[in-house]
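The following exercises concern the fold of one protein chain. Each task is followed by a solution worked in steps.

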Amino acid sequence: MEMKLRAPAVPLITVDPYFSIWSMGDKLNESDTKHWTEKPHRMIGTVTVDGKDYLFMGVNPDSPKMEQIGLDIQALATKYRFACEEIQLTVTFLTPLLMDDLKLMSRPVSYIHAEVRSNDGKKRDVTIRISVDDEICQNLKYEFPTEYADLSQPGFACGRVGSKIQRPLTKAGDDLRINWGYVYLASNHAQAAVSATAGTNEYGTVNHTLALSIALDTEQNAEGLVTVAYDDIQSIEYFHEPLNAYWKKDGQTIEAVIKQALSEYGSLSEKCERFSSELFREAAEAGNENYAELVSLAYRQAIAAHKLCADPNGDVLFISKENFSNGCAATVDVTYPSIPQFLIYNPELVKGMLRPIFKYASTEVWHFDFAPHDVGTYPLLNGQVYSHGTCPTWQMPVEECGNMLICTAAVALAENDITFAQENWSHLETWCDYLIRNGVDPDNQLCTDDFAGHLAHNCNLSIKAIMGIASFSILNRLAGEEEKAEALMKIAGSMTDQWLSMAANEDGTYRLAFDRPGSFSMKYNAVWDSIFGLDLFPSDTFKAETKAYIEKHSGPFGLMLDNRNTYTKSDWLVWSATLCENKEDFNAIVDRLWHAYDQSESRVPMTDFYSTTDAKKVNFQNRSVQGGLFIKLLMDKGI
């Protein structure tokens, strides 16, 4: 069954923030493939049938195009079907991001599988050719001269291209691509061969296009497998120490990993197919098929907006990049919305998001009694850069304290293990105390929706403080500190009572800010009251609220974030829909998000910040926060 959703961008290769290639059109052979930043990362795919060339991927004016007759996007694979007069071609792009195997998930190897069959039963000789441009290992094409190496061995065709000048970890920023490391094309097919084409620009800078060809036929030799891989040499600078990607932790080379990947395709593709089918089924039961398509499209994007590494102690680090918001790394209020996906499939990854924050908060540089916002600009994690590091003006004190406490409690419940929290107990206690003192009626400050500016008396932020304090109560209970747990839950209950009184509008809905009667905002932070089974809010608290979401506060393409503007956030939209009492109302809200992506003119990897009136992107794309779309699945599965 093919996806009904017209994806705004189609995932092809999804490994990490740098190794990320997409098709941003309806057909694979009508535009260049691109990095998520929309800069060309060109891959060209052609088939030669009995001496006649056809184009199935990318742009090449010299080749007639195959007709694209099908596209299906699953959680882990993208499958295209093409036809020409002589044959049909199925091309599958697979990145096996299975979170129960972190070395596999970290492996920077993505598959392109091709299968051909004759239209008329006659045997056809077919050559598949995949080429990649060296701009994949450049921030901008021709930035450095590149060089080609043929690494082929018997039974293993492999070529490599990279810059002659290798300077790992020398640039950080948002709208940047990697300019170090090497891209590889490889195959274990007996009829595979690699080559490279060299060229120069007007200044004499040498560039290369790397290509791999496989000779097939439509009878006994109808399938070919290609891997596209990337060795970034070093991945992250972590408090001034360069770190390797997680897949290197046991000393494997990239060539060995590519060979292993080629040998495992059959079993992995079956495993990925089963996972994708099960995810779709569970999501359709939780909502409907529209919801299932949304989480399927979000799955690879949310993972590949991170880099998986091991810290100097061997512990997991899972570093997010704030794609097209500011390039910050390990941002707490980007971690928080993303965690539903990772709590379901591997809570260790949530710990990997939180470790940099706990480490930075332990340094002398961080002198505040609230939690940091971030730990650097990707890929350099040397300390907070938001608000110029420690400038007080643009901090998010209640936001980040609440986020850290909620995330840590969620991990402890998901793993049924308090160890990680106990390792960081003093920070958690300090941040809980901050919320007790400052959380019930927050002063003028930013929250995660910082694009809307500072706001005092923020009702939704107050809920986050309540949930943060309740989260530390949960942790104390799990640690056997029943008296402390009870005292904290009593404080959270008292704050909830105050909130219900101060936030109420006359119609049974709740305000944006305590001092703004008649206003509204999404109350997405309240979702943890149900997920954690806290029952701090009476069961019918948000009945009128969610009815108003559907009847009063939605544009044609979604629920508005609050009354100040007609834009929305996709993650918070689904969290708010999860507050609904029944599945029908949940679907009524989430269906509009589906229509937004289906019809948006903004052909980019799922934006989380867009207009509810015309579905156009306001800002942000390809961010990890789309992991938040899994919140309904998390609610249904339980924690």
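**Exercise 1. The chain as a whole**

Task: State what percentage of the residues of the chain count as buried, and judge how the radius of gyration agrees with that of a compact globule.

Solution. In this predicted model, 64% of the 639 residues of the chain count as buried. For the second part, begin with the expectation: a compact globule of 639 residues would have a radius of gyration near 26 Å. The chain has 25 Å, which agrees with that expectation. The extent of the C-alpha trace along the principal axes is about 75 × 50 × 45 Å. The secondary structure consists of 15 helices and 26 strands. Finally, consider the contacts with a separation of 6 or more: residues 24 or more positions apart account for 69% of them.

**Exercise 2. Two helix pairs**

Task: Describe how α2 packs with α3, and how α5 packs with α6.

Solution. Two packed helices are described by the angle between their axes and by the distance between those axes.

Step 1. Helix α2 (residues 254-286) and helix α3 (residues 289-304) pack at about 140°, and their axes are 7 Å apart. Because of this angle, α2 is oblique to α3. The crossing of α2 past α3 is right-handed.

Step 2. Residues of α2 in the contact are Phe275, Leu279, Phe280, Ala283, Ala284 and Ala286; their partners in α3 are Glu289, Tyr291, Ala292, Glu293, Val295, Ser296 and Tyr299. Sorted by class, this contact comprises 10 nonpolar, one polar and two charged residues.

Step 3. Helix α5 (residues 348-361) and helix α6 (residues 397-415) pack at an angle of about 145°, with axes 10 Å apart. This pair, α5 and α6, crosses in the left-handed sense. From α5 the contact takes Glu348, Val350, Lys351, Leu354, Ile357 and Phe358, and from α6 it takes Met404, Cys407, Thr408, Val411 and Glu415. The classes in the contact of α5 with α6 are seven nonpolar, one polar and three charged residues.

**Exercise 3. A covered helix and the loop after it**

Task: Determine how many residues of α13 are buried, and whether Thr578 is buried or exposed.

Solution. Helix α13 spans residues 570-577 and is mostly covered, with eight of its eight residues buried. The buried residues are Ser570, Asp571, Trp572, Leu573, Val574, Trp575, Ser576 and Ala577. Thr578 is located in the loop between α13 and α14 (583-599). Its relative accessible area is 7%, so Thr578 is buried, the limit for that class being under 20%. Apart from neighbours within four places in sequence, Thr578 contacts Val527, Phe586, Ile631, Lys632 and Met635.

**Exercise 4. Two residues at 0% accessibility**

Task: Identify the elements or loops that hold Trp36 and Val228, and list what each residue touches.

Solution. Trp36 belongs to the loop between β3 (34-35) and β4 (43-49), and it is buried, at a relative accessible area of 0%. Beyond residues up to four places away in sequence, Trp36 touches Pro17, Ser20, Trp22, Met24, Asp174, Lys321, Asn323, Phe324, Pro605, Gln621 and Asn622. The C-alpha atoms of Trp36 and Gln301 are separated by 9.9 Å, although these residues are 265 residues apart along the chain.

Val228 is placed in strand β16 (residues 223-231) and is also buried, at 0% relative accessible area. Residues that Val228 touches, again not counting those up to four places away, are Ile13, Phe19, Pro108, Val109, Ser110, Ile112, Val132, Val183, Tyr184 and Leu185. Val228 and Cys391 are 163 residues apart along the chain, and their C-alpha atoms are separated by 43 Å.

**Exercise 5. Backbone details in loops**

Task: Locate the cis peptide bond that involves Pro379, and compare the accessibility of Asp50 and Ala330.

Solution. The cis bond joins Tyr378 and Pro379, with omega about 5°. Pro379 sits in the loop between α5 and β21 (380-381).

Asp50, a residue other than glycine, has a positive phi near 50° and lies in the loop between β4 and β5 (52-57). With 42% relative accessibility, Asp50 counts as partly exposed. Phi of Ala330 is likewise positive, near 55°, and Ala330 occurs in the loop between β20 (316-320) and α4 (332-345). With 2% relative accessibility, Ala330 counts as buried.

Technical notes
Residues are numbered from 1 along each chain as its sequence is written. This is a predicted model: local features need pLDDT of at least 70, side-chain atom pairs count only at pLDDT 80 or more; totals for chains, interfaces and linings use all residues. Side-chain values use heavy atoms; hydrogens and water are left out. Axes are lines fitted to C-alpha atoms, for helices over the stretch in contact, and angles run from 0 to 180 degrees between N-to-C directions. Helices (H or I, at least four residues) and strands (E, at least two) are DSSP runs, numbered from the N terminus. Angles under 35 degrees count as roughly parallel, over 145 as roughly antiparallel, 65 to 115 as roughly perpendicular and the rest as oblique. A crossing is left-handed if the near helix is turned anticlockwise from the far one by less than a right angle, and right-handed if clockwise. Contact means heavy atoms within 4.5 Å. Ala, Val, Leu, Ile, Met, Phe, Trp, Tyr, Cys and Pro count as nonpolar, Asp, Glu, Lys and Arg as charged, and the others, Gly among them, as polar. Buried means under 20% relative accessible area, exposed over 50%, partly exposed in between (1.4 Å probe, protein chains only). The radius of gyration is taken over C-alpha atoms; the globule rule is 2.2 Å times the number of residues to the power 0.38.
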